Amino acid sequence: MGFNKIIGSLFGSKADRDMKVVQPYLEKVLAVEPEIITLSNDGLRERAQNLKAGIQEFIKEDKTEINKLKEKAEALDIWEREDIFNEIDKIEERIDEKLENHLLTILPEAFAIVKDTARRFKENQKIEVSASEFDQSLATA
């Protein structure tokens, strides 16, 4: 028995360790997948847009606070702005941490949406959806 096989039998292979990390997400994707599959094309699109809107809503308060601090900083001279910009940096770090946790929460649903979208494109040469207000604004611009 080779050295690598001995080590592999003691600690498991890299693939086994990777699967232990991925398995919980896979189970969550498989749990939400039946619901996603039943959605219409418009429903699938709306579900994806709701995820995007949820992300923006999740950090809305922090973004508002940053904008207020930036407005306040504009009224001050350059030497007095440093404390405000340090506070903005702290808020942005907080946003990054919150976003990371939130994105991990919605990851299974987002993956299921992307997976089902890919399946629909593979199975159909043409996918029809209703034009949204955003689509209509792009068409008239």
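Asp-116 sits in helix α5 (helices are DSSP runs of H or I, at least four residues, numbered from the N terminus). At 4% relative accessibility, Asp-116 counts as buried, because buried means under 20% relative accessible area with a 1.4 Å probe, protein chains only. This is a predicted model, in which local features need pLDDT of at least 70 and side-chain atom pairs count only at pLDDT 80 or more, while totals for chains, interfaces and linings use all residues. Residues are numbered from 1 along each chain as its sequence is written, and side-chain values use heavy atoms, with hydrogens and water left out.

**Around Asp-116**
- Leaving aside residues up to four places away in sequence, Asp-116 touches Ile-36, Ile-37 and Leu-44 (contact means heavy atoms within 4.5 Å).

**Helix α2**
- Ile-36 is also one of the buried residues of α2, together with Val-29, Val-32 and Glu-33.
- An α-helix has 3.6 residues a turn, so residues three or four places apart point the same way.
- The cover over the buried residues of α2 includes α3 (41-58) and α5 (81-123).
- Helix α2 covers residues 14-37, and its 24 residues should span 34 Å at 1.5 Å times one less than the number of residues; the end C-alpha atoms are 32 Å apart, which agrees.
- At Val-22, shortly before the proline Pro-24, α2 has a kink of about 40 degrees, taken as the angle between axes fitted to the seven residues ending there and the seven starting there.

Definitions and conventions: Helix = DSSP H or I, 4+ residues; strand = E, 2+ residues; numbered from the N terminus. Buried < 20%, exposed > 50% of the residue type's maximum accessible area, 1.4 Å probe, protein only.
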